[in-house]
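Open the model in your viewer and keep the selection tool handy. This tour suggests what to pick at each stop and tells you what is there.

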Amino acid sequence: MDDAIANTPPGVLAAAWLVARKDLAIEFRTRTAFLSALVFALLGVTIFYFAWDSTAVSAVDLAPGVLWVIFTFAGLLGLQRSFGSELADRAIDGLLGAPVARESIYVGKALANLVFVVGILVVTLPAVVLFYNLPISSALLALAGIALLAAIGLVAVGTLFSAMAVNTRMAELLLPMLSLPFFVPIVMGAAQSSARLMAGRPVAEALPWLRILVAFDIVFVTACTLAFPFTLDE
Amino acid sequence: MTPPVVVFSDVERTPRDPLLIVAIIAVALVFIRALAFTPIEALQGPAQKILYVHASSAFIALYIAFVLMAITSILYLWLKDEKLDRVASSAAEVGLVFTTVVLLTGPLWGKTIWGAWWTWDARLTSTLFLWFIIVGYGLLRGAVEDRGRRARYSAVLGILAALLVPFIHLSVYMFRTLHPMPILLKPSSPSMPPEMQITFFSAFGAFLLLFAALLRVRYRVATLRDRLADLEQERA
């Protein structure tokens with residue numbers, strides 16, 4: 001760890017970064033959650049292909065829906081682990097005892113989760129392009145932007161619910177139960193805007209959906225950051 | 001842990017709630033009026049009578065129960081008063097009953113009028129997801145044992161749900177308006193003959209009374225549950 005932060009307690013964002021780095025270091029050393037979420041996403045992408053009549057629905061029409069549904073489900077796997085890893089030996093007490101703001105813990109956890117889901121997207125998106133024979137165009141760049149917006153919203157809500165679900169009697173079931181309704185506007189916004197871009201429509205057509213995604217991100221990042229301290233046991 | 005022993009003499013037996021009795025009678029009277037003494041709508045036929053149950057329940061579930069839950073959730077996080085948590089959870093549970101009524105009567109009406117049980121219209125979809133969230137709210141409460149934690153968690157969920165519903169409504173609205181729409185018959189036609197208006201408003205009043213009565217009963221159950229938990233703790 002850096003010497004500069006040894007004595008003075010770090011600021012909110014600096015502390016958040018430390019929390020995120022801790023989570024990412026654990027994930028990087030074990031890699032179990034990331035690899036299983038990744039394999040899950042790739043399996044999902046391939047299985048979905050056979051759930052449709054490919055002569056009736058063209059792959060280009062199918063791909064956006066598949067991408068975003070798989071993305072949310074794979075994301076849930078990562079979110080589960082986010083606070084699940086703090087349960088062992090009550091590691092969360094160490095975090096709570098640290099001289100950092102509660103909000104920093106949330107932002108740090110969310111940042112680590114963001115890296116996690118973006119990592120999954122970085123592999124899943126090309127896989128969808130490959131398996132569904134999508135034309136590689138400038139739309140892919142805009143798609144990356146949509147992906148980031150969707151990932152931020154997903155992680156904002158999911159991290160908060162992960163913190164709550166982990167302290168309940170049925171954590172594995174409760175997290176998707178609580179999160180999925182909140183992913184509806186995200187999936188809809190991401191799928192609709194990317195469908196238009198993939199079909200070669202002008203960006204202006206996707207704009208109203210992008211606005212929804214941005215508004216969702218702003219509202220829920222703010223609300224969840226404010227709500228997070230209430231999910232902790234003092 | 002040994003099973004808790006409840007001494008009934010410790011807890012006063014609650015008499016039948018007079019408000020609940022009045023509410024049930026009012027609802028029964030409204031049913032009689034709606035079925036026998038209100039004219040049948042010319043275009044929709046008898047199916048239109050679902051309006052009296054459906055629209056009243058929808059208004060109460062969405063604009064009273066749910067709003068009450070959201071407001072008391074915010075107030076709980078602020079004031080940490082257990083009573084607010086009880087009101088929020090009672091409003092959610094009674095609201096769930098009313099939302100279920102809405103979701104059951106809607107398709108019955110829709111099938112006769114639109115020719116489809118379900119359409120992914122903004123209102124229907126947001127009501128459905130609201131229903132999912134309140135079910136999740138109930139499951140969450142059931143899955144947390146510590147009372148303070150349960151109250152905090154459900155308050156957080158209640159507030160986030162209130163923020164979510166407008167987003168679902170807006171996105172489904174956009175989803176639909178960018179696509180061809182089924183022919184929607186607006187149920188809230190402003191020109192309603194006076195007999196129907198009277199039936200509608202008395203139905204609304206009766207269901208509102210029922211809501212208030214159920215809320216009160218449910219609140220009392222919540223209070224008793226908490227007292228029981230306290231007694232068990234003292235014993236242990």
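Start by selecting chain B and following it from one end to the other: the pattern along the sequence reads α-α-α-α-α-α. Chain B has six helices and zero strands. Keep in mind as you look around that this is a predicted model. Of the 236 residues in chain B, 33% are buried. Contacts in this chain often reach far along the sequence: among those between residues at least 6 apart, 80% join residues at least 24 apart.

**Stop 1: two crossing helices in chain B**

Now select residues 82-113 and 122-143 of chain B, which are helix H3 and helix H4. Their axes come within 10 Å and cross at roughly 140°. Turn the view until one helix lies in front of the other; H3(B) passes H4(B) in a left-handed crossing. To see where they meet, show the side chains on both helices. On H3(B), the residues making the contact include B:Ser89, B:Ala92, B:Leu96 and B:Val102. On H4(B), look for B:Leu128, B:Trp131, B:Ile134 and B:Tyr137, among others. If you colour this contact by residue type, you will find 11 nonpolar, seven polar and two charged residues.

**Stop 2: a loop residue in chain B**

Stay in chain B and click on B:Lys80. B:Lys80 sits in the loop between helix H2 (50-79) and H3. What is the phi of this residue? Phi of B:Lys80 is near 55°, a positive value in a residue other than glycine. B:Lys80 is partly exposed, because 13 other C-beta atoms lie within 10 Å.

**Stop 3: where the chains meet**

Show both chains together. Here 24 residues of chain A are in contact with 24 residues of chain B. Which helices of chain A each supply at least two residues of the side that touches chain B? They are helix H7 (171-198) and helix H8 (203-227). H7(A) gives the largest share of that side, 10 residues. Coloured by type, the chain A side divides into 17 nonpolar, five polar and two charged residues.

**Stop 4: the nonpolar core**

Next, look inside. The largest nonpolar core has 127 residues. The residues with the most contacts inside this core are A:Ala150, A:Ala151, B:Ala65, B:Ala91 and B:Phe211, so try selecting these five together. Helix H6 (residues 139-165) of chain A gives the most to the core, with 17 residues. Centre the view on A:Ala150 and look for the residues around it. Leaving out residues up to four places away in sequence, A:Ala150 touches A:Trp68, A:Ile186, A:Ala190 and A:Leu213.

**Stop 5: three residues of chain A**

Begin with A:Val128, which lies in helix H5 (residues 102-131). Is A:Val128 buried or exposed? With 25 other C-beta atoms within 10 Å, A:Val128 is buried, because 20 or more are needed for that label. Apart from residues up to four places away in sequence, A:Val128 touches A:Val45, A:Ala63, A:Val66, A:Leu67 and A:Leu134. Try the distance tool on A:Val128 and A:Val60: they are 68 residues apart in sequence and 9.9 Å apart in space, C-alpha to C-alpha.

Move on to A:Ile136, in the loop between H5 and H6. A:Ile136 is exposed, because just 9 other C-beta atoms lie within 10 Å. Its C-alpha atom and that of A:Asp217, 81 residues apart along the chain, are separated by 28 Å.

Finish this stop at A:Arg31, in the loop between helix H1 (12-30) and helix H2 (32-50). A:Arg31 has a positive phi of about 60°, although it is not a glycine. A:Arg31 is exposed, with 11 other C-beta atoms within 10 Å.

**Last stop: colour by confidence**

Switch the colouring to pLDDT. Chain A averages 87, and 96% of its residues score at least 70. Within chain A, confidence is lowest in helix H4 (residues 91-97), at a mean of 83, and highest in H8(A), at 93. Chain B has a mean of 87, and 88% of its residues reach 70 or more. Where in chain B does pLDDT stay under 50? Select residues 179-188 to find that stretch, for which the model has 10 contacts beyond four places in sequence. For the model as a whole, the scores are ipTM 0.88 and pTM 0.87.

Key
Residues numbered from 1 in each chain as written. Chains lettered and ligands numbered in written order. Contact = placed C-beta atoms within 7 Å. Helix = DSSP H or I, 4+ residues; strand = E, 2+ residues; numbered from the N terminus. Nonpolar A, V, L, I, M, F, W, Y, C, P; charged D, E, K, R; others polar. Axes fitted to C-alpha atoms, helices over the stretch in contact; angles between N-to-C directions. Left-handed = near helix turned anticlockwise from the far one by under 90°. Core = buried A, V, L, I, M, F, W, Y, C linked by C-beta atoms within 7 Å. Buried ≥ 20, exposed ≤ 12 C-beta atoms within 10 Å, placed from the backbone. pLDDT = per-residue confidence, 0-100.
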